[in-house]
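Visitor: I have some questions about how the labels on this model are earned. Please show it to me first.

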Amino acid sequence: MLIGPPPGTGGTSPAFETEPAYMPPVWPGRNPDDQQMMQHLDIEVDDLAAETARAAAEGARLAEYQPQDDVRVLLDPSGHPFCLWTQAGQ
């Protein structure tokens, strides 16, 4: 899958491929033999509860380990962790 501007208009586009031997990462990684994270996105949101619910409705699942009150670690359908976060005190 390619995400970016229309062909021929220039710019940078990330490409994604599937891997038949894919093993989802373990969050949090505690064992050196565990599959480690390959990418990590931190996404700032205004309403942590609402955006966590929206991500879950789209197929994400809440990770068992949550390191902070103002951050929610979620796992995408393939198991990649990503974080939704908000400024403390907002």
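Visitor: Which residue is the bridge partner of Leu75 in strand 4?

Guide: Pro81 is that partner. This is a predicted model.

Visitor: What makes strand 3 and strand 4 a pair?

Guide: Pairing takes at least two bridges. Strand 3 and strand 4 (residues 81-85) have 5, in the antiparallel sense. So the cut-off is met, and they pair. Their hairpin has 5 residues between the strands, and Gly79 there takes a positive phi near 95°.

Visitor: How do you know that strand 2 pairs with strand 3?

Guide: 2 bridges join strand 2 (residues 61-62) to strand 3. The requirement is at least two, so this counts as a pair. The two run antiparallel. Arg61 has Leu75 of strand 3 as its bridge partner.

Visitor: Why is strand 3 called largely enclosed?

Guide: Buried means under 20% relative accessible area. In strand 3 (residues 71-75), 4 of the 5 residues are buried, so the rest of the structure largely encloses this strand.

Visitor: Why is the contact of Glu51 and Arg54 called a salt bridge?

Guide: The cut-off is 4 Å between a side-chain nitrogen of Lys or Arg and a carboxyl oxygen of Asp or Glu. Here N to O is 2.9 Å. That is within 4 Å, so the name applies. The structure holds 1 salt bridge. Both residues lie in helix 1 (residues 48-57), 3 residues apart, about one turn of the helix.

Visitor: Are Glu51 and Arg54 buried, partly exposed or exposed?

Guide: Exposed means over 50%, and buried under 20%. Arg54 has 56%, so Arg54 is exposed. Glu51 has 24%, which falls in between, so Glu51 is partly exposed.

Technical notes
Residues numbered from 1 in each chain as written. Predicted model: local features only at pLDDT ≥ 70, side-chain atom pairs only at ≥ 80, totals over all residues. Heavy atoms only, no water. Buried < 20%, exposed > 50% of the residue type's maximum accessible area, 1.4 Å probe, protein only.
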